[in-house]
Amino acid sequence: LSDSLKENPTSPNWAGLDWYRILSPAGSVIPERSPGEWSCGTQCPGWVRGSHPTTAFTTSDVTFCFDYGTEGNCYYSTRGKITNCDNYFVYYLPDVPDNYLRYCAADSL
């Protein structure tokens, strides 16, 4: 979900506030811990504070955090949703507060 900030401040597949499914090769989930500043092709990678819903076909309200050199602390945050679709998750993602913040994708939580 990320591209070069110098070339384009918005990822080409970003459609604004909407439901998204993370697919390979990017990964399959938004991680539950910070991957660290300057990860995922951005200065401030986004991650889930808390956990994904474990029961199939349920939706949870969550906080998405963005790391900015804060060693995994939630420097910036926004609210969204995660739905467990049994074999995968979908994410209701709001626009990020600034163009150098991006949601990160990973292969595992």
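Is W38 buried or exposed in this predicted model? With a relative accessible area of 59%, W38 is exposed, where exposed means over 50% relative accessible area, buried under 20% and partly exposed in between, with a 1.4 Å probe and protein chains only as cover. Because the model is predicted, local features need pLDDT of at least 70 and side-chain atom pairs count only at pLDDT 80 or more, whereas totals for chains, interfaces and linings use all residues. Residues are numbered from 1 along each chain as its sequence is written, and side-chain values use heavy atoms, with hydrogens and water left out.

**View 1. The whole chain, a succession of six strands without helices.** The order along the sequence is β-β-β-β-β-β, where strands (E, at least two residues) and helices (H or I, at least four residues) are DSSP runs numbered from the N terminus. The chain has 109 residues, of which 40% count as buried. Its accessible surface comes to about 6,000 Å², with 46% of that area belonging to carbon and sulfur atoms; these areas come from the Shrake-Rupley method with a 1.4 Å probe. Among the contacts (heavy atoms within 4.5 Å) with a separation of 6 or more, 56% are between residues 24 or more positions apart.

**View 2. Strand β3 between its partners β2 and β4.** Strand β2 (residues 44-49) pairs with strand β3 (residues 59-66) in the antiparallel sense over four bridges, and two strands are said to pair if DSSP finds at least two bridges between them. On this side of β3, F64 is the bridge partner of V48. Strand β4 (residues 76-84) is also antiparallel to β3, and eight bridges join the two; here T63 has R79 as its bridge partner in β4.

**View 3. Strand β5 and the strands that it joins, β1 and β4.** Four of the five residues of β5 (residues 89-93) are buried, so that the strand is mostly covered. Three bridges join β5 to β1 (residues 18-20) in the antiparallel sense, and W19 has Y92 as its bridge partner in β5. With β4, strand β5 is likewise antiparallel, over four bridges, including the one in which N84 is partnered by F89. The hairpin of β4 and β5 has four residues between the strands, and within this hairpin D86 takes a positive phi near 80 degrees.

**View 4. The surroundings of T59 in strand β3.** T59 counts as partly exposed because its relative accessibility is 45%. When residues up to four places away in sequence are not counted, T59 touches W19, K81, I82 and T83. With T83 there is also a side-chain polar contact of 2.6 Å, a polar contact being a pair of N or O atoms within 3.5 Å, of which, within protein, one must be able to donate a hydrogen and the other to accept it, while residues adjacent in sequence count only if both atoms are side-chain atoms. T59 and V90 are 31 residues apart in sequence, and their C-alpha atoms are 9.2 Å apart in space.

**View 5. D67, a buried acidic side chain without a salt bridge.** D67 lies in the loop between β3 and β4. The nearest side chain of opposite charge is that of R49, 11 Å away, where Lys and Arg count as positive, Asp and Glu as negative, and His and the chain ends are not counted. A salt bridge would require a side-chain nitrogen of Lys or Arg within 4 Å of a carboxyl oxygen of Asp or Glu. The side chain of D67 does make a polar contact of 2.5 Å with the side chain of S34. Not counting residues up to four places away in sequence, D67 touches S34, G36, E37, Q43, C44, P45, W47, G72 and N73.

**View 6. Backbone geometry in the loop between β1 and β2, at P25, W38 and C40.** Most residues other than glycine have a negative phi, and most peptide bonds are trans. A cis peptide bond joins S24 and P25, with omega about 10 degrees. W38 has a positive phi of about 65 degrees although it is not a glycine, and C40, also not a glycine, has a positive phi of about 60 degrees. C40 counts as partly exposed because its relative accessible area is 29%.
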